[in-house]
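Visitor: Could you show me the model and then take my questions about how its parts are arranged?

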Amino acid sequence: MTDKKTILVVEDEAPIATLLKYNLERAGYEVLVSNDGKEGLEIALNESPDLILLDLMLPTMDGIEICKELRRQKKNIPIIMLTARDDEFDKVLGLELGADDYMTKPFSPREVIARVKAVLRRFHPAQHEQEKKKYYQFGNLEVYPDRFEAFLDKHPLEFTPKEFELLVYLLENKNRVLTREQLLSAVWNYDFMGDTRIVDVHISHLRDKIEENSRKPKFIKTIRGIGYKFEEPK
């Protein structure tokens, strides 16, 4: 049985798709390729790859719609969005819908491999890293980092990979004030063009899911002018 990770490349520009496939296979990955949006979605749903490199502009179905549909069907496959447009709205929208990273063309093969490794490392951490903390409970909230599971009042919660990673990082640093820049660096693993709005978007999503009243959160507190703090309820 092979332990190779499988990458799905959904890219309609044949030269780019070919280059990505060549370099990913050289790096030791199994690679599936589709140049059509609907076909790419079907492959993702049927094959459950370990990661998807997803172009934004595709025939039949664009990358945003594919990302939205995968998350709607609870497919927590890491997604790196690819686009030729350096568009702030596209960037925030893509990540808000559940993408885990975002790359603007042109990009070097080395950069692609580095990003793929970083996202896979965060999504499939080494076993000893998983075992650092098995379980968190704060009031009616239970979180199991190694199982990618969380419950509120014993009811299961659904998260995107990035939302869950952000939640676990907040838990690991409970009662500590974290700036948006710290969260961006720790969870997204690099300075995301200095755009901390994506942190606010994900915090909002977390509150909607774990807070009984997201307008008056008891877990994730806003520290005005600084950032956020996960606070253990008294």
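Guide: What follows is a short exchange about the fold, the sheet, the helices and the hairpin.

Guide: This is a predicted model, in which local features need pLDDT of at least 70 and side-chain atom pairs count only at pLDDT 80 or more, while totals for chains, interfaces and linings use all residues. Residues are numbered from 1 along each chain as its sequence is written, and side-chain values use heavy atoms, with hydrogens and water left out.

Visitor: How many helices and strands does the protein chain have?
Guide: Helices (H or I, at least four residues) and strands (E, at least two) are taken as DSSP runs and numbered from the N terminus. Counted in that way, the protein chain has 9 helices and 12 strands.

Visitor: What percentage of the residues of the protein chain count as buried?
Guide: Buried stands for under 20% relative accessible area, exposed for over 50%, and partly exposed for values in between, with a 1.4 Å probe and protein chains only. Of the 234 residues of the protein chain, the buried share is 47%.

Visitor: What is the strand order of the open sheet of 5 strands?
Guide: Two strands pair if DSSP finds at least two bridges between them, and the pairing in this open sheet is parallel. β2 (30–34) and β5 (101–104) stand at the edges with a single partner strand each, so one side of each lacks a neighbour in the sheet. The order is β2-β1-β3-β4-β5.

Visitor: Which residue in β5 stands opposite M81?
Guide: Strand β4, residues 79–83, pairs with β5 in the parallel sense over 4 bridges. Opposite M81, in β5, stands Y102.

Visitor: Which residues of β4 point the other way from I79, M81 and T83?
Guide: In a regular strand the side chains alternate between the two faces of the sheet. In β4, 5 of the 5 residues are buried, so this strand is largely enclosed by the rest of the structure. I79, M81 and T83 point one way, and the residues that point the other way are I80 and L82.

Visitor: At about what angle to β5 does helix α5 run?
Guide: Axes are lines fitted to C-alpha atoms, for helices over the stretch in contact (heavy atoms within 4.5 Å), and angles run from 0 to 180 degrees between N-to-C directions. Helix α5 (residues 109–123) lies across β1, β3, β4 and β5, and its angle to β5 is about 175 degrees.

Visitor: What arc around the axis do the buried residues of α8 cover?
Guide: In helix α8 (residues 180–188), the residues R180, L183, L184, V187 and W188 are buried. The arc is that of the directions from the helix axis to the C-beta atoms. These residues lie on the same side of α8, because the arc they cover is only 100 degrees.

Visitor: Which residue in the turn of the hairpin formed by β11 and β12 has a positive phi?
Guide: Strand β11 (residues 220–223) pairs with β12 in the antiparallel sense over 4 bridges, and the bridge partner of T222 in β12 is Y228. The hairpin has 3 residues between its strands, and the turn residue with a positive phi, of about 80 degrees, is G225.
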